[in-house]
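Me: I would like to go through this structure with you, asking at each step how a statement is justified. Please show it to me before we begin.

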Amino acid sequence: MNTGLRRLLTIAEKEKRTIIGLMSGTSLDGLDIALCEFTGHGLQTQLVLRQFATMPYGSEFKQQVKEVFSKRAVDLEKVTLMNAYIGSFHAELINACLQEWGLTAQDVDIIASHGQTIYHAPASQHQVAGMPNATLQIGDGDHIAVKTGVITLSDFRQKHIAAGGEGAPLAVYGDFLLFSEKGQNRIMLNIGGIANFTFLPGDLDTSRIFSTDVGPGNTIMDAYMQANFPGTFYDAGSAVALQGTIHEGLLAALLAHPFFQGDFPKTTGPEVFNLAYLARAQEASSTTALSAQDVMATLNRFSAHGICDALRRTMEEEEFEIFVSGGGMHNPLLRRNIETLLPGVVIRDTAELGVSPDAKEAVLFATLANECLVGERLDFGAGRLRIPAVQMGKISLPQ
Ligand SMILES: Nc1ncnc2c1ncn2[C@@H]1O[C@H](COP(=O)(O)OP(=O)(O)OP(=O)(O)O)[C@@H](O)[C@H]1O
Ligand SMILES: CC(=O)N[C@H]1[C@@H]2OC[C@@H](O2)[C@@H](O)[C@@H]1O[C@H](C)C(=O)O
């Protein structure tokens, strides 16, 4: 038998598995690396997060990715080069991280890599007749496996689409396994470039679980900061937005997108919510001369609105506790806006549940890999909102 396959079977039969989860999100801030230890699978999954680091991307790398990121027309040679380059670069970052932690490849069983989304195109968005839901993540897993010497699982989203999903959000699988709690309805809210949440009913009735994107989290705010305050990457501490005033006309124009009225589950990305979208909303509301501070204050409230409207829709049916994760929870004005729009609702973060809010998405991919190797198909039943019953991840052997 192929020795790599034999090793894979041995790992699947181990009582405890060490899995590195990787996430490189739409914010392009860096590679999140979570070293996780798993025992069990399914609802018996026990996770210990041993180490976590975000390896920040340099400005040159960000620039390279941006050339092929969320654009309809790109240089196909560049995409091809970046697919290999990102895979190799992620491997280098993992090797550096392992060294920092005093570990070697032998200490790791599996790497679970999300890759870099460069285009997300659910059918509701592309509206090309006869074409399916589609999404594209690059940074091929073979490069990671060969350059780290660790068996790598990657490209998790295609199976989800093949089985009828939109390729996202995948958070629902990990949220269900790691954070479901009998007797407590929970909302797991992640505010990354795009904001999404999972509803976990306290009666553990899988047919009531759902997960959905709700709109932009940080993505337009980040893009606006990068375009208007060269050298800055995001509105640290909400410093710019705090100096501005919300413009109600612009806010209304921003909220006019049909995505917000669409039923759950739905997904979106910076392909829709970007600076061109902002420019059209400014034209429509005659606010092209608004100060950068007022635009940022309005964008901040806009993100909070999308999140809170979606939460309110769910609240009409159920009461729940909210656990937040993702970089947006470090934006103080965004948190305050959410609290203003949802008075009385207490927002806690996932650290209270044993997972650092910055690590949650990387932990998710490690959890998906654990399920792929040792779990059984997670069947959420017919449900009112479809969640495909699939085990995801493609296997790359180092030799
Ligand atoms: N101190 C801070 N003040 C304001 N905003 C912050 C701060 N720290 C992080 N952020 C925001 O969080 C973002 C990074 O979030 P995160 O790492 O969750 O995104 P991501 O994983 O790329 O997104 P996605 O979930 O869409 O894939 C930054 O770009 C910034 O907008
Ligand atoms: C296509 C894609 O990369 N989507 C990301 C993005 O970032 C947040 C939101 O949009 C979510 O839908 C998804 O990632 C998380 C990890 C998910 O699939 O649950």
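Reply: Let us start with a term: contact means heavy atoms within 4.5 Å. This is a predicted model, in which local features need pLDDT of at least 70 and side-chain atom pairs count only at pLDDT 80 or more, while totals for chains, interfaces and linings use all residues. Residues are numbered from 1 along each chain as its sequence is written, chains are lettered from A and ligands numbered from 1 in the order in which they are written, and side-chain values use heavy atoms, with hydrogens and water left out.

Me: How do you know that domain 1 and domain 2 are in contact?

Reply: The chain is divided into domain 1 (3–168 + 361–396) and domain 2 (171–353), with bounds that come from an automatic or database domain assignment. By the contact definition just given, 37 residues of domain 1 touch 27 residues of domain 2.

Me: What is the area buried between domain 1 and domain 2?

Reply: Buried area is the accessible area (1.4 Å probe) that two parts lose on being put together, summed over both. For these two domains that comes to about 2,700 Å², and carbon and sulfur atoms give 64% of it.

Me: Why is ligand 2 said to lie between the domains?

Reply: Domain 1 and domain 2 both give residues to the shell around ligand 2, so ligand 2 lies between them. A residue is near a molecule if one of its heavy atoms lies within 4 Å of it, and 15 residues surround ligand 2, with Thr117, Arg157, Leu170, Ala171 and Asp213 coming nearest.

Me: What makes the pairing of Thr117 with ligand 2 a polar contact?

Reply: A polar contact is a pair of N or O atoms within 3.5 Å; within protein, one must be able to donate a hydrogen and the other to accept it, and residues adjacent in sequence count only if both atoms are side-chain atoms. A polar side-chain atom of Thr117 lies 2.6 Å from an oxygen atom of ligand 2, and a polar side-chain atom of Asp213 is 2.8 Å from an oxygen atom of that ligand. Both pairs therefore satisfy the cut-off.

Me: Which residues come nearest to ligand 1?

Reply: Among the 21 residues around ligand 1, they are Thr26, Ser27, Gly193, Asp222 and Gly327. A backbone N or O atom of Gly327 lies 2.7 Å from an oxygen atom of ligand 1, and the shell draws at least three residues from each of domain 1 and domain 2.
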